[in-house]
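Work through the exercises below with the structure open. Try each task before reading its solution.

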Amino acid sequence: MIDDMRDYYFDLRGYLVLENAVSPQDLAEMNGWVDDHWGHVEQPWQDGDRRQGRWIGHVHTHNYQGEDGVNFQNIVAAGAVFEKLIDHPSWIDLAKKYINAPINGLSIHENFLTVRGPGGYLYIHCGGHTPLFYLTFRHQYTGAWMVGQINVLIALTDIGPGDGATALIPGSHKSTEIHPRLLRDGKGIVADGGGQPAGTALGAQEVYLKAGDALFFTDAITHGSAERTNDGFRRSIVFRYSPRYVRERFNYELPDELLERLTPERRAILRPIPPRRPD
Ligand SMILES: O=C(O)CCC(=O)C(=O)O
Ligand SMILES: [Fe+2]
(Lines give C-alpha, C1' and ligand atoms only; values in the text may rest on other atoms or scores of the structure.)
(Ligands and ions follow the chains in the order given, each with its own letter.)
Protein backbone atom coordinates (compact mmCIF):
# COMPACT_ATOMS: atom_id res chain seq x y z
CA MET A 1 0.00 0.00 0.00
CA ILE A 2 1.32 3.45 -0.78
CA ASP A 3 2.03 5.65 2.24
CA ASP A 4 -0.87 8.06 1.77
CA MET A 5 -3.37 5.25 1.48
CA ARG A 6 -2.00 3.51 4.54
CA ASP A 7 -2.11 6.69 6.60
CA TYR A 8 -5.68 7.30 5.48
CA TYR A 9 -6.84 3.81 6.42
CA PHE A 10 -4.99 3.79 9.73
CA ASP A 11 -6.55 7.11 10.67
CA LEU A 12 -10.01 6.09 9.48
CA ARG A 13 -10.22 2.49 10.67
CA GLY A 14 -7.59 2.35 13.43
CA TYR A 15 -5.84 -0.74 12.09
CA LEU A 16 -3.84 -2.16 9.21
CA VAL A 17 -3.09 -5.72 8.19
CA LEU A 18 0.57 -6.17 7.25
CA GLU A 19 0.78 -9.30 5.11
CA ASN A 20 3.82 -11.58 5.26
CA ALA A 21 5.36 -9.39 7.93
CA VAL A 22 7.52 -12.18 9.39
CA SER A 23 9.52 -14.69 7.34
CA PRO A 24 8.64 -18.40 7.26
CA GLN A 25 12.05 -19.23 8.80
CA ASP A 26 11.47 -16.95 11.79
CA LEU A 27 7.93 -18.27 12.17
CA ALA A 28 9.21 -21.85 12.25
CA GLU A 29 11.77 -20.91 14.90
CA MET A 30 9.20 -19.16 17.06
CA ASN A 31 6.77 -22.06 16.74
CA GLY A 32 9.64 -24.37 17.65
CA TRP A 33 10.10 -22.44 20.89
CA VAL A 34 6.40 -22.93 21.69
CA ASP A 35 6.65 -26.66 20.93
CA ASP A 36 9.69 -26.92 23.19
CA HIS A 37 7.74 -25.30 26.04
CA TRP A 38 4.44 -27.10 25.54
CA GLY A 39 4.64 -28.39 29.12
CA HIS A 40 4.05 -24.77 30.20
CA VAL A 41 0.90 -24.59 28.07
CA GLU A 42 -0.44 -27.73 29.68
CA GLN A 43 0.61 -26.68 33.18
CA PRO A 44 1.02 -22.92 33.10
CA TRP A 45 0.74 -22.09 36.79
CA GLN A 46 2.44 -22.95 40.03
CA ASP A 47 0.10 -25.12 42.12
CA GLY A 48 -2.65 -24.54 39.53
CA ASP A 49 -3.06 -20.93 40.72
CA ARG A 50 -3.19 -18.66 37.65
CA ARG A 51 -1.93 -15.70 39.68
CA GLN A 52 1.31 -17.61 40.15
CA GLY A 53 3.10 -17.81 36.84
CA ARG A 54 6.07 -20.01 36.10
CA TRP A 55 9.45 -18.72 34.94
CA ILE A 56 11.48 -19.83 31.93
CA GLY A 57 14.56 -17.70 32.50
CA HIS A 58 13.11 -14.17 32.35
CA VAL A 59 9.97 -15.26 30.48
CA HIS A 60 6.89 -15.60 32.70
CA THR A 61 3.54 -17.31 32.21
CA HIS A 62 0.56 -15.02 32.77
CA ASN A 63 -3.03 -14.42 31.79
CA TYR A 64 -5.42 -11.51 32.08
CA GLN A 65 -8.79 -12.98 32.92
CA GLY A 66 -8.72 -16.77 33.10
CA GLU A 67 -10.20 -17.58 29.69
CA ASP A 68 -7.54 -16.02 27.51
CA GLY A 69 -5.00 -18.84 27.57
CA VAL A 70 -1.33 -18.51 28.45
CA ASN A 71 0.72 -15.40 27.79
CA PHE A 72 4.46 -15.91 27.80
CA GLN A 73 5.35 -12.44 29.00
CA ASN A 74 8.72 -10.82 28.32
CA ILE A 75 9.09 -13.10 25.28
CA VAL A 76 11.85 -10.84 24.03
CA ALA A 77 14.10 -12.67 26.51
CA ALA A 78 13.44 -16.03 24.80
CA GLY A 79 16.10 -15.72 22.10
CA ALA A 80 17.44 -13.89 19.07
CA VAL A 81 14.45 -14.57 16.82
CA PHE A 82 12.21 -12.71 19.30
CA GLU A 83 14.72 -9.85 19.66
CA LYS A 84 14.31 -9.16 15.95
CA LEU A 85 10.71 -8.17 16.58
CA ILE A 86 11.79 -5.15 18.66
CA ASP A 87 12.58 -3.09 15.57
CA HIS A 88 11.32 -5.34 12.81
CA PRO A 89 11.50 -3.61 9.42
CA SER A 90 7.93 -4.69 8.58
CA TRP A 91 6.43 -2.29 11.13
CA ILE A 92 8.98 -0.25 13.07
CA ASP A 93 8.92 2.78 10.77
CA LEU A 94 5.13 2.85 10.84
CA ALA A 95 5.10 2.63 14.63
CA LYS A 96 7.65 5.44 14.84
CA LYS A 97 5.67 7.58 12.43
CA TYR A 98 2.31 7.30 14.17
CA ILE A 99 3.71 7.58 17.70
CA ASN A 100 5.79 10.47 16.39
CA ALA A 101 9.03 9.08 17.75
CA PRO A 102 11.19 12.11 16.88
CA ILE A 103 9.20 13.99 19.51
CA ASN A 104 7.86 11.29 21.82
CA GLY A 105 10.55 8.63 21.60
CA LEU A 106 9.57 4.98 21.50
CA SER A 107 9.29 2.18 24.03
CA ILE A 108 7.79 -1.26 24.35
CA HIS A 109 5.06 -1.35 26.95
CA GLU A 110 4.45 -5.09 26.87
CA ASN A 111 5.61 -8.05 24.80
CA PHE A 112 4.23 -11.56 25.01
CA LEU A 113 3.40 -14.72 23.11
CA THR A 114 -0.13 -16.11 23.53
CA VAL A 115 -1.29 -19.70 23.20
CA ARG A 116 -5.08 -19.94 23.40
CA GLY A 117 -7.13 -23.12 23.14
CA PRO A 118 -10.79 -24.07 22.67
CA GLY A 119 -13.18 -21.84 24.63
CA GLY A 120 -10.53 -19.11 24.95
CA TYR A 121 -11.39 -15.47 24.19
CA LEU A 122 -10.93 -11.87 25.31
CA TYR A 123 -13.78 -9.50 26.18
CA ILE A 124 -14.01 -6.07 24.54
CA HIS A 125 -12.00 -3.20 25.92
CA CYS A 126 -11.06 0.37 24.96
CA GLY A 127 -12.70 2.82 22.54
CA GLY A 128 -12.67 6.54 21.81
CA HIS A 129 -14.65 7.29 24.97
CA THR A 130 -11.96 5.94 27.31
CA PRO A 131 -9.98 8.52 29.31
CA LEU A 132 -6.88 6.35 29.48
CA PHE A 133 -3.98 8.57 28.48
CA TYR A 134 -2.13 6.08 26.32
CA LEU A 135 -5.27 5.63 24.21
CA THR A 136 -4.61 9.02 22.63
CA PHE A 137 -5.15 9.02 18.89
CA ARG A 138 -4.47 12.32 17.28
CA HIS A 139 -3.64 13.33 13.78
CA GLN A 140 -4.57 16.90 13.22
CA TYR A 141 -4.56 18.80 9.97
CA THR A 142 -0.94 19.70 10.59
CA GLY A 143 0.08 16.10 9.96
CA ALA A 144 1.31 15.79 13.53
CA TRP A 145 0.63 12.25 14.57
CA MET A 146 0.45 11.43 18.26
CA VAL A 147 -0.74 7.89 18.91
CA GLY A 148 -0.32 6.71 22.49
CA GLN A 149 -0.13 2.99 21.87
CA ILE A 150 0.17 0.71 18.90
CA ASN A 151 -0.20 -3.06 19.13
CA VAL A 152 1.45 -5.34 16.63
CA LEU A 153 -0.19 -8.77 16.81
CA ILE A 154 1.71 -11.36 14.81
CA ALA A 155 -0.04 -14.60 13.81
CA LEU A 156 2.19 -17.65 14.36
CA THR A 157 -0.55 -19.90 12.99
CA ASP A 158 -3.30 -19.17 10.46
CA ILE A 159 -6.20 -17.47 12.24
CA GLY A 160 -9.51 -17.97 10.45
CA PRO A 161 -13.18 -18.50 11.35
CA GLY A 162 -13.55 -20.38 14.66
CA ASP A 163 -9.88 -19.88 15.56
CA GLY A 164 -10.55 -17.07 18.05
CA ALA A 165 -9.48 -14.18 15.82
CA THR A 166 -8.93 -10.70 17.14
CA ALA A 167 -12.25 -8.88 16.84
CA LEU A 168 -12.40 -5.11 16.56
CA ILE A 169 -14.81 -2.34 15.72
CA PRO A 170 -13.35 -0.34 12.83
CA GLY A 171 -13.25 3.39 13.55
CA SER A 172 -14.21 3.00 17.22
CA HIS A 173 -10.96 4.66 18.37
CA LYS A 174 -12.67 7.93 17.41
CA SER A 175 -16.13 7.13 18.68
CA THR A 176 -17.46 9.39 21.38
CA GLU A 177 -20.50 7.16 21.73
CA ILE A 178 -19.95 4.47 24.33
CA HIS A 179 -20.29 0.90 23.12
CA PRO A 180 -23.43 -0.56 24.74
CA ARG A 181 -21.39 -3.35 26.28
CA LEU A 182 -19.07 -0.81 27.91
CA LEU A 183 -21.89 1.20 29.48
CA ARG A 184 -22.41 0.91 33.23
CA ASP A 185 -24.94 3.15 34.93
CA GLY A 186 -24.76 5.63 32.06
CA LYS A 187 -20.95 5.84 32.13
CA GLY A 188 -18.28 4.28 29.95
CA ILE A 189 -15.86 1.73 31.35
CA VAL A 190 -12.51 0.61 29.91
CA ALA A 191 -13.13 -3.13 29.73
CA ASP A 192 -16.22 -5.31 29.71
CA GLY A 193 -14.96 -8.04 32.01
CA GLY A 194 -18.44 -9.54 31.83
CA GLY A 195 -17.61 -12.95 30.43
CA GLN A 196 -18.61 -12.20 26.84
CA PRO A 197 -16.22 -12.84 23.93
CA ALA A 198 -15.48 -9.82 21.75
CA GLY A 199 -16.68 -11.62 18.62
CA THR A 200 -20.32 -11.24 19.68
CA ALA A 201 -20.11 -7.50 20.43
CA LEU A 202 -22.20 -5.08 18.38
CA GLY A 203 -20.21 -3.94 15.35
CA ALA A 204 -17.25 -6.26 15.97
CA GLN A 205 -15.45 -7.73 12.98
CA GLU A 206 -13.05 -10.64 13.18
CA VAL A 207 -9.72 -10.03 11.46
CA TYR A 208 -8.39 -13.17 9.79
CA LEU A 209 -4.66 -13.55 9.35
CA LYS A 210 -2.29 -15.99 7.70
CA ALA A 211 0.68 -17.19 9.73
CA GLY A 212 3.29 -14.45 9.40
CA ASP A 213 0.80 -11.60 8.93
CA ALA A 214 0.61 -8.85 11.53
CA LEU A 215 -2.40 -6.88 12.71
CA PHE A 216 -1.17 -3.35 13.45
CA PHE A 217 -3.73 -1.41 15.49
CA THR A 218 -4.19 1.44 17.89
CA ASP A 219 -4.97 0.15 21.36
CA ALA A 220 -7.68 2.83 21.46
CA ILE A 221 -9.93 0.83 19.14
CA THR A 222 -12.67 -1.22 20.82
CA HIS A 223 -11.34 -4.75 20.55
CA GLY A 224 -10.83 -8.17 22.08
CA SER A 225 -10.94 -11.63 20.61
CA ALA A 226 -13.62 -14.00 19.46
CA GLU A 227 -14.09 -17.30 21.21
CA ARG A 228 -12.05 -20.16 19.83
CA THR A 229 -14.54 -22.82 18.84
CA ASN A 230 -12.18 -24.96 16.76
CA ASP A 231 -9.91 -27.61 18.21
CA GLY A 232 -6.25 -26.77 18.58
CA PHE A 233 -4.53 -23.60 19.65
CA ARG A 234 -4.15 -20.07 18.37
CA ARG A 235 -0.58 -18.83 18.63
CA SER A 236 0.24 -15.13 18.39
CA ILE A 237 2.67 -12.52 19.65
CA VAL A 238 1.91 -8.96 20.73
CA PHE A 239 4.44 -6.14 20.88
CA ARG A 240 2.96 -2.87 22.19
CA TYR A 241 4.71 0.35 21.29
CA SER A 242 4.30 3.68 23.07
CA PRO A 243 6.10 6.96 23.63
CA ARG A 244 9.17 6.48 25.77
CA TYR A 245 7.39 7.85 28.84
CA VAL A 246 5.16 4.78 28.97
CA ARG A 247 7.23 2.14 30.71
CA GLU A 248 7.13 -1.63 30.90
CA ARG A 249 3.62 -2.64 31.97
CA PHE A 250 4.52 -5.30 34.51
CA ASN A 251 8.10 -4.12 35.03
CA TYR A 252 9.72 -7.34 33.93
CA GLU A 253 13.48 -7.08 34.15
CA LEU A 254 15.75 -7.91 31.28
CA PRO A 255 18.81 -10.08 31.78
CA ASP A 256 22.07 -8.10 31.71
CA GLU A 257 23.48 -10.28 28.95
CA LEU A 258 20.48 -9.44 26.77
CA LEU A 259 20.85 -5.71 27.36
CA GLU A 260 24.55 -5.93 26.54
CA ARG A 261 23.98 -7.96 23.40
CA LEU A 262 21.29 -5.73 21.90
CA THR A 263 22.09 -3.16 19.25
CA PRO A 264 21.93 0.39 20.65
CA GLU A 265 18.67 0.92 18.68
CA ARG A 266 16.99 -2.11 20.22
CA ARG A 267 18.28 -1.36 23.69
CA ALA A 268 16.91 2.18 23.44
CA ILE A 269 13.44 0.83 22.60
CA LEU A 270 13.39 -1.72 25.40
CA ARG A 271 15.00 0.60 27.93
CA PRO A 272 14.55 4.13 26.66
CA ILE A 273 15.65 5.80 29.87
CA PRO A 274 18.60 3.99 31.43
CA PRO A 275 18.69 4.00 35.23
CA ARG A 276 20.92 6.62 36.86
CA ARG A 277 23.07 5.28 39.64
CA PRO A 278 25.79 6.80 41.76
CA ASP A 279 29.32 6.05 40.51
O1 LIG B 1 -5.63 -11.67 21.66
C2 LIG B 1 -6.20 -10.91 20.88
O3 LIG B 1 -6.71 -11.28 19.82
C4 LIG B 1 -6.33 -9.46 21.23
C5 LIG B 1 -5.17 -8.96 22.01
C6 LIG B 1 -5.40 -7.64 22.62
O7 LIG B 1 -6.44 -7.29 23.08
C8 LIG B 1 -4.28 -6.71 22.67
O9 LIG B 1 -3.19 -7.06 22.24
O10 LIG B 1 -4.45 -5.57 23.15
FE1 LIG C 1 -6.21 -5.29 23.97
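The exercises that follow concern a predicted model.

**Exercise 1. The metal site**

Identify the protein donors of the iron ion (ligand 2), and decide how the arrangement of its donor atoms should be classed.

*Solution.*
Step 1: Find the protein donors. They are His125 and His223, each through NE2. They lie 2.0 to 2.1 Å from the iron ion.
Step 2: Check the angles. Four donor atoms surround the iron ion, and they subtend angles of 78 to 170°.
Step 3: Compare with the cut-offs. Four donors count as tetrahedral if all angles lie between 85 and 135 degrees. The range of 78 to 170° makes the arrangement irregular.
Step 4: Place the two histidines in the chain. His125 belongs to strand S6 (residues 122-125), and His223 to strand S15 (residues 223-225). The pair therefore ties together parts that are 98 residues apart in sequence.
Step 5: Check burial. His125 and His223 are buried.

**Exercise 2. The surroundings of ligand 1**

Describe the shell around ligand 1: which residues come nearest, which polar contacts reach its oxygen atoms, and how much of its area does the protein cover?

*Solution.*
Step 1: List the nearest residues. The shell has 13 residues, of which Arg116, Thr166, His223, Arg234 and Arg240 come nearest.
Step 2: Sort the shell by type. Three residues are nonpolar, six are polar and four are charged.
Step 3: Look for polar side-chain atoms by the ligand's oxygen atoms. One in Thr166 lies 2.6 Å from an oxygen of ligand 1. For His223 the distance is 3.1 Å. For Asn151 it is 3.4 Å.
Step 4: Judge the cover. On its own, ligand 1 has 290 Å² of accessible area, and the protein covers 96% of that.
Step 5: Name the contributing elements. S6, strand S9 (150-155), S15 and strand S16 (234-242) each give two or more residues to the shell.
Step 6: Link to Exercise 1. His223 is a donor of the iron ion, and His223 also contacts ligand 1.

**Exercise 3. Two further residues**

Locate Val238 and Arg228, and decide for each: buried or exposed?

*Solution.*
Step 1: Locate Val238. It is found in strand S16.
Step 2: Apply the cut-off. Buried means under 20% relative accessible area. Val238 has 6%, so Val238 is buried.
Step 3: Relate Val238 to Pro131. The two are 107 residues apart along the chain, and their C-alpha atoms are separated by 23 Å.
Step 4: Turn to Arg228. This residue sits in the loop between S15 and S16.
Step 5: Repeat the test. Arg228 has a relative accessible area of 7%, so Arg228 is buried as well.
Step 6: Follow the side chain of Arg228. It reaches the backbone oxygen of Gly232 at 2.8 Å.

Key:
Residues numbered from 1 in each chain as written. Chains lettered and ligands numbered in written order. Predicted model: local features only at pLDDT ≥ 70, side-chain atom pairs only at ≥ 80, totals over all residues. Heavy atoms only, no water. Donors = N, O, S within 2.8 Å, 3.2 Å for Na, K, Ca; no water. Tetrahedral: all angles 85-135°; square planar, octahedral: opposite > 155°, others 65-115°. Helix = DSSP H or I, 4+ residues; strand = E, 2+ residues; numbered from the N terminus. Buried < 20%, exposed > 50% of the residue type's maximum accessible area, 1.4 Å probe, protein only. Near = heavy atom within 4 Å. Polar contact = N/O pair within 3.5 Å; in protein donor to acceptor, adjacent residues only side chain to side chain. Areas by Shrake-Rupley, 256 points an atom, 1.4 Å probe, with all protein chains shown as cover. Nonpolar A, V, L, I, M, F, W, Y, C, P; charged D, E, K, R; others polar.
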